[in-house]
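Colleague: I would like to go through this one term by term. Please give the value and the criterion behind each label.

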Amino acid sequence: MVERIEDLNLPNAVIARLIKEALPEGSNVSKEARAAIAKAASVFAIFITSSSTALAHKQNHRTITAKDILQTLNELDFESFVPSLTQDLEVYRKMVRDKKESKAKKDSSAGDAIASSSSAATAAENEDAN
Amino acid sequence: MPSAQTLLDNNLLFVVDSFGCSKQNTGALAFTAKNEAVKKAGNLFIANMVDSSKTHEQRKPSADTFLPLSRVRTIMKSSMDTGLITNEVLFLMTKCTELFVQHLAREAYTASSAIQKSDTLKYEHLSQLVNKSKNLEFLLQIVPEKIRVHEFQEMLRLNRSNANASDDDDDETGTESESEDE
C-alpha cells in the first residue's frame, strides 16, 4: 500500500526527457506544465489500471492481462496507442523468450535450480497472458 | 531537407578546408580520403536527423522503458483490488504511460502553436486541451482551467444569488428535502 502520496509521483527528470523528445527542438516547457503532465500521467496509469481491472473482473479473471489493457485503451479512445504498444509488446516478449533460453542454457551447465524455477514461473505467467 | 543538406555540406567543406590547410604537405590523396570520410559521417548524421524527426510519427518499437517499473507498480497497486501484476502487464503499462506523456505534450503543443506563435508549453495549453478533448475527461479535476480570483468571486456571487432566488421560489421543497435527509 502507498504510505506517502509522493510515492505516486513519477520522476520529474524522466518526464522532462519524455516531453522534450515529443516536442520539436528548441521548444520549452514551463515548470507548471511539466508538473501537470507528471500528475496527469500518474492519474492516467491509475485510470487505465482500474478500467482494465474492471474489464478483467467482468470476464471472471482475477488478474489483468496485456489484452485487457489494450482493449481498455481502445474503449477509452486511446486507440492511437495500440499499434505501437503491440509492437513494443512483441519486442518485449521476444526479449523475455531469448533471456529464458540463454538462462536455460546457462542453468543446464551450472545447475542453478532456483533461478530456473523462477524464470519458468515468469514464463508461465507470460504464456498465460498470451 | 535539401537546404539542411547543403548547409551541412558547406559546413563540412569548411571543416575539411581548415583541416586540409594544416596538413597540406600530406598530399592530395590523403585529403580526398579524409573528405570522403567526413562526408560519409555527415550523411550518417543527416540520416539520424531524419530518423529522429520521424519518431514523432513512427517510433521504433523497443523493450526499454524510461519510467521506473517499480514506481509504476506502486501506482498500479494503489488502484482498487488489483490482483497480481505480471511483468508483462507492468511493462505494457509503463510504455503506455510514456506514450501518454508524449501524446499529451505533443497535442497541447500543436494546439497552442496553432493559436499563437510560442515555443513554450504552458499550463494553460494543457488545461485547454483537457477541456476540449473527450478522451481526456478524466483529467478535468487534475488539470483544471485557471480562473482569476475576481472571476471566481463573481461566479460565487452569481451562484449565491441563484441559490437565493431558487430558495425564494421553492422554499417549501427545500425544507422538505432537508427534513427527508434527516
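Modeller: This is a predicted model, so the weak part comes before the rest. Over residues 170-182 of chain B the pLDDT stays under 50, and the model has zero contacts for them beyond four places in sequence.

Colleague: Which helix of chain B has the lowest confidence, and which the highest?

Modeller: Helix 7 (residues 171-181) of chain B is lowest, with a mean of 41, and helix 5 (residues 123-132) of chain B is highest, at 94. Residues 6-31 of chain B also have pLDDT below 50, with twelve contacts beyond near neighbours in sequence. The mean for chain B is 72, and 58% of its residues reach 70 or more.

Colleague: What are the corresponding values for chain A?

Modeller: Chain A has a mean pLDDT of 87, with 83% of its residues at 70 or more. Among its elements, helix 3 of chain A has the highest mean, 96, and helix 5 (residues 113-129) of chain A the lowest, 54. The model as a whole scores ipTM 0.80 and pTM 0.67.

Colleague: Why is helix 3 of chain A called roughly parallel to helix 4 of chain B?

Modeller: Helix 3 (residues 66-75) of chain A and helix 4 (residues 87-115) of chain B pack at about 25°, with axes 9 Å apart. Angles under 35 degrees count as roughly parallel, so that label applies to this pair. The contact involves A:Ala66, A:Ile69, A:Leu70 and A:Leu73 on one side and B:Glu88, B:Val89, B:Leu92, B:Met93 and B:Cys96 on the other. By class, eight of these residues are nonpolar, none polar and one charged.

Colleague: What makes the pair A:Arg93 and B:Glu88 a salt bridge?

Modeller: Their closest N and O atoms are 2.7 Å apart, and the cut-off is within 4 Å. The count between chain B and chain A is two salt bridges.

Colleague: How much area is buried between the chains, and which residues of chain B lose the most?

Modeller: About 5,500 Å² is buried between chain B and chain A, and carbon and sulfur atoms give 73% of that. In chain B, the residues losing the most area to chain A are B:Ile75, B:Glu88 and B:Leu92, together 13% of what that side buries. In contact terms, 55 residues of chain B meet 66 residues of chain A.

Colleague: Why is helix 1 of chain A called roughly perpendicular to helix 2 of chain A?

Modeller: Helix 1 (residues 12-22) and helix 2 (residues 31-58) of chain A pack at about 105°, with axes 10 Å apart. The range for roughly perpendicular is 65 to 115 degrees, so the label applies to helix 1 and helix 2 of chain A.

Terms used. Residues numbered from 1 in each chain as written. Chains lettered and ligands numbered in written order. Predicted model: local features only at pLDDT ≥ 70, side-chain atom pairs only at ≥ 80, totals over all residues. Heavy atoms only, no water. Axes fitted to C-alpha atoms, helices over the stretch in contact; angles between N-to-C directions. Helix = DSSP H or I, 4+ residues; strand = E, 2+ residues; numbered from the N terminus. Parallel < 35°, antiparallel > 145°, perpendicular 65-115°, else oblique. Contact = heavy atoms within 4.5 Å. Nonpolar A, V, L, I, M, F, W, Y, C, P; charged D, E, K, R; others polar. pLDDT = per-residue confidence, 0-100. Buried area = accessible area lost by both parts, 1.4 Å probe. Salt bridge = Lys/Arg side-chain N within 4 Å of Asp/Glu carboxyl O.
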